[in-house]
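Here is a friendly briefing to read alongside the structure. Please keep the viewer open as you go through the topics.

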Amino acid sequence: MIATLGRLALAAVALLVLRRALRRGAAPPRRRRHPSPWRVASSRVALALRAHRRERAMLRVLGRPLPSLGLPPLPPELLGALFVGHTAPDLDSIAAAIGAACLFAGTPAVAGELNAESAFALAHWGLPCPAPIGELLASDARARVCLVDHNQRSQLAPALRACPDRVCGVIDHHALQDDAIVTAAPIFATLRPWGSAASIVAHMALEHGVRLPPPIAGVLLSAILSDTLNLRSPTTTDYDRKLLSLLATLSATADVERLARHQFRAKSKALDALSSHALLVGDLKVFELGGGRSSAWAGSVGVSVVETTAPDGLLARAPGLAREMIRLKSEEGLQLLFAFIVDVSALRSHLVLCGRAEASLAHASYGGDARDADGRDGDEADGHPGAGGVAERRAVATGGRT
Ligand SMILES: [Mn+2]
């Protein structure tokens with residue numbers, strides 16, 4: 001009964017529609033064979049609009065702060081820690097410690113005397129020199145330490161070598177080699193193959209939405225300039241370039257080139273007054289190489305780097321430097337010791353050699369123009385320069401991180 005009534009109602013509606021259509025004389029709509037240009041254009045607009053709406057929806061999702069999941073916004077391991085760079089600290093070690101301490105509400109520390117470039121940068125940005133790590137460790141028995149700009153035990157501050165269990169984190173841009181820090185428990189570690197540790201700290205601030213105060217942004221900017229030789233070293237990455245421009249904005253630095261020039265000049269000027277020993281240990285890193293089952297050779301290799309805009313004065317001191325290197329080698333128990341004099345303006349490195357083993361290795365690795373310190377060509381003497389020899393090569397081959 002209900003089905004019959006339904007069918008009747010449908011038929012009545014169909015009749016009504018047909019009558020109205022006939023009364024209006026409306027023809028049934030015909031399909032266009034070719035869509036009008038307007039229709040094509042409008043469909044493209046519709047597609048673009050639809051894509052735009054999709055992107056906007058995606059952006060709304062991505063732009064939203066990530067759900068916290070009830071987790072703290074910053075790694076709790078690093079909150080309130082001491083932050084320290086390597087011994088014989090360079091500007092990157094100092095600045096990364098200051099920047100990370102600002103980000104994680106901790107305390108920056110130093111593992112040695114400031115060099116002239118670091119002193120210039122701290123004065124330029126109006127920042128105080130961080131306290132020595134030994135003092136801070138002695139005054140707080142529970143202090144935890146995050147290493148910045150190094151991960152090798154040979155570069156640990158002496159005060160920290162006695163208590164490596166205090167290490168709670170590593171923020172670094174160096175390779176993990178044989179002598180990397182060993183910890184009993186898992187620690188927070190971030191290692192990125194970028195040009196400076198300061199770039200990593202600046203990026204972490206970005207990741208956590210922390211706006212760095214102008215002097216902190218400024219000292220990080222100075223450190224990127226220093227470690228990447230004003231973005232010209234082969235270790236420079238796009239991260240360093242972009243973060244440098246961001247830090248320049250945050251620190252209101254209009255002329256970055258000028259800042260780099262002043263920094264490098266401050267560093268070069270101070271070098272002439274230093275003794276051979278001070279020059280060599282100023283940026284001396286010791287690497288323990290080999291020792292594994294597959295390695296045929298094992299030993300300690302010292303690499304000293306002196307960066308300058310005026311290398312001639314230092315090159316004239318090569319014989320004295322080489323004599324001091326021989327002394328330093330036996331004092332530190334090193335098998336090999338190299339000293340690089342890097343001309344940061346011309347992007348050339350001069351390698352000061354203090355023995356036949358170093359000379360032979362340098363010649364095999366780099367070739368280059370080797371000569372004795374008294375000016376004779378190395379090949380004239382014995383195929384390689386002996387003590388006091390100087391080899392020269394393009395700095396782009398250095399590839400080293402500082
Ligand atoms: Mn560095």
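The notes below cover confidence, the sheets, and the helices that pack around one another.

This is a predicted model, and its average pLDDT is 83. A six-stranded open sheet is a good place to begin, followed by the separate pairings of β7 with β8 and β8 with β9. After that come three helix pairs: α3 with α8, α8 with α9, and α4 with α10.

**Confidence**

- Of the residues in the protein, 76% score a pLDDT of at least 70.
- Residues 373-388 have a pLDDT below 50, and in the model this stretch makes 40 contacts beyond near neighbours in sequence.
- The pLDDT is also below 50 over residues 393-399, a stretch with 18 contacts beyond near neighbours in sequence.
- Where pLDDT is low, predicted coordinates should not be read in detail.

**The six-stranded sheet**

- Reading across the open sheet, the strand order is β3-β2-β1-β4-β5-β6, with parallel pairing.
- Which strands stand at the edges? They are β3 (131-132) and β6 (188-191); each has a single partner strand, so one side of each is left without a neighbour in the sheet.
- Inside this sheet, β1 (residues 82-84) runs parallel to β2 (residues 107-110), and three bridges join them.
- To find that pairing in the viewer, look for L82, whose bridge partner in β2 is T107.

**Helices lying across the sheet**

- Helix α3 (residues 91-103) lies across β1, β2, β4 (145-148) and β5 (167-172), and it runs at about 165° to β2.
- Helix α7 (residues 197-207) lies across β4, β5 and β6, at about 105° to β5.
- Strands β4 and β5 are therefore crossed by α3 and also by α7.

**The β7, β8 and β9 strands**

- Strand β8 (residues 299-308) pairs with β7 (residues 284-289) in the antiparallel sense, over six bridges.
- Within that pairing, S300 in β8 stands opposite E288.
- Strand β8 also runs parallel to β9 (residues 336-343), and eight bridges join the two.
- Here V306 has I341 in β9 as its bridge partner.

**α3 with α8**

- The axes of α3 and α8 (residues 214-227) come within 9 Å and cross at roughly 150°.
- How are these two helices oriented to each other? They are roughly antiparallel, because angles over 145 degrees count as such.
- Their crossing is left-handed.
- On the α3 side the contact includes L91, A95, I98 and C102, while on the α8 side it includes I216, V219, L220 and A223.
- By class, the contact between α3 and α8 holds nine nonpolar, three polar and two charged residues.

**α8 with α9**

- Helix α8 also packs with α9 (residues 238-250); their axes come within 8 Å and cross at roughly 145°.
- This crossing, too, is left-handed.
- P214, A217, L220, L221 and I224 in α8 meet a set of α9 residues, among them L243, L244 and L247.
- The contact of α8 with α9 comprises ten nonpolar residues, one charged residue and no polar ones.
- One residue to pick out in α8 is L220, which takes part in the contact with α3 and in the contact with α9.

**α4 with α10**

- Helix α4 (residues 116-124) packs against α10 (residues 256-272) at an angle of about 140°, with the axes 8 Å apart.
- What is the orientation of this pair? The angle makes α4 and α10 oblique to each other.
- The crossing of α4 and α10 is right-handed.
- A116, E117, F120 and A121 are the α4 residues in the contact, and they meet Q263, A266, K267 and A270 in α10.
- Sorted by class, this contact has five nonpolar, one polar and two charged residues.

Terms used:
Residues numbered from 1 in each chain as written. Predicted model: local features only at pLDDT ≥ 70, side-chain atom pairs only at ≥ 80, totals over all residues. Pairing = 2+ DSSP bridges. Helix = DSSP H or I, 4+ residues; strand = E, 2+ residues; numbered from the N terminus. Axes fitted to C-alpha atoms, helices over the stretch in contact; angles between N-to-C directions. Parallel < 35°, antiparallel > 145°, perpendicular 65-115°, else oblique. Left-handed = near helix turned anticlockwise from the far one by under 90°. Contact = placed C-beta atoms within 7 Å. Nonpolar A, V, L, I, M, F, W, Y, C, P; charged D, E, K, R; others polar. pLDDT = per-residue confidence, 0-100.
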